[in-house]
Amino acid sequence: MTKDPLRIGISACIMHADPTRSVFKGKTLLYAEESMLAWVMSAGAIPILLPRAMAPLTGRDLVELVDGLVLQGGVDMSPLHYGEEPLRPEWAGDAARDRYEMELIHLCLQPDKPILGVCRGAPVLNVALGGSPSQALPTPAPAGPAPPPRDHHHHPPPTPPADRRASGPAPRT
């Protein structure tokens with residue numbers, strides 16, 4: 001008998017409604033980076049994009065469908081969530097996405113589902129668990145190379161061990 005593939009929840013990146021955007025004008029879009037989905041599938045798992053829950057469904061209903069959670073990269077976390085004001089206006093983050101992802105984290109912790117925070121996801125996980133990251137990290141010297149744009153995927157996600165599926169959760173009944 002073949003084991004069912006793992007179902008990995010992917011937190012959605014959010015493109016908030018923008019009345020000036022030429023495509024999907026005024027609509028909120030939830031999306032995933034294709035490279036993140038490809039990485040999850042490369043381990044034999046099925047990626048499932050988790051939207052923000054809306055009645056009659058709850059976040060718990062959505063989390064029950066998955067075996068683990070990956071928090072995608074993206075815009076910085078809002079410093080307001082760890083008791084600080086943004087040091088610069090462009091560091092205000094995305095408070096709505098922060099709340100959505102922290103809810104997913106807490107819902108996955110209760111049944112002990114694994115969570116991986118990639119890039120932005122690491123500080124979100126840190127804050128959800130009571131930590132407080134620093135928003136004032138040193139920047140490259142003026143003569144150094146310019147950092148890539150904040151939404152540029154400039155590092156590959158970690159490679160899961162080949163035998164990960166063999167030690168996955170118990171079979172579903």
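This passage describes the nonpolar cores, one helix and the cysteines of a predicted model. Local features were accepted at pLDDT of at least 70 and side-chain atom pairs only at pLDDT 80 or more, whereas totals for chains, interfaces and linings use all residues. Residues are numbered from 1 along each chain as its sequence is written, and side-chain values rest on heavy atoms, with hydrogens and water left out.

The largest nonpolar core (buried Ala, Val, Leu, Ile, Met, Phe, Trp, Tyr and Cys residues joined through side-chain atoms within 4.5 Å) comprises 20 residues, of which L50, L69, Y100, M102, L104 and I105 have the most contacts inside it. Two or more residues each are given to this core by α2 (59–63), β5 (68–71), α3 (95–109) and α4 (121–128), helices (H or I, at least four residues) and strands (E, at least two) being DSSP runs numbered from the N terminus. The largest share, 6 residues, comes from α3. A second, separate core of 9 residues includes I10, V40, A45 and V70. Beyond residues up to four places away in sequence, L50 touches G9, I10, A12, L62, V66, L69, Y100 and L104, contact meaning heavy atoms within 4.5 Å.

Within α4, the residues G121, V124, L125, V127 and A128 are buried (under 20% relative accessible area with a 1.4 Å probe, protein chains only). Because these residues cover an arc of only 165 degrees around the axis, they lie on the same side of α4, the arc being that of the directions from the helix axis to the C-beta atoms. The buried residues of α4 pack against β5, α3 and β6 (115–117).

Both C13, at 3% relative accessible area, and C108, at 0%, are buried. The structure holds 0 disulfides (pairs of cysteine sulfur atoms within 2.5 Å).

Note on methods: Buried means under 20% relative accessible area, exposed over 50%, partly exposed in between (1.4 Å probe, protein chains only).
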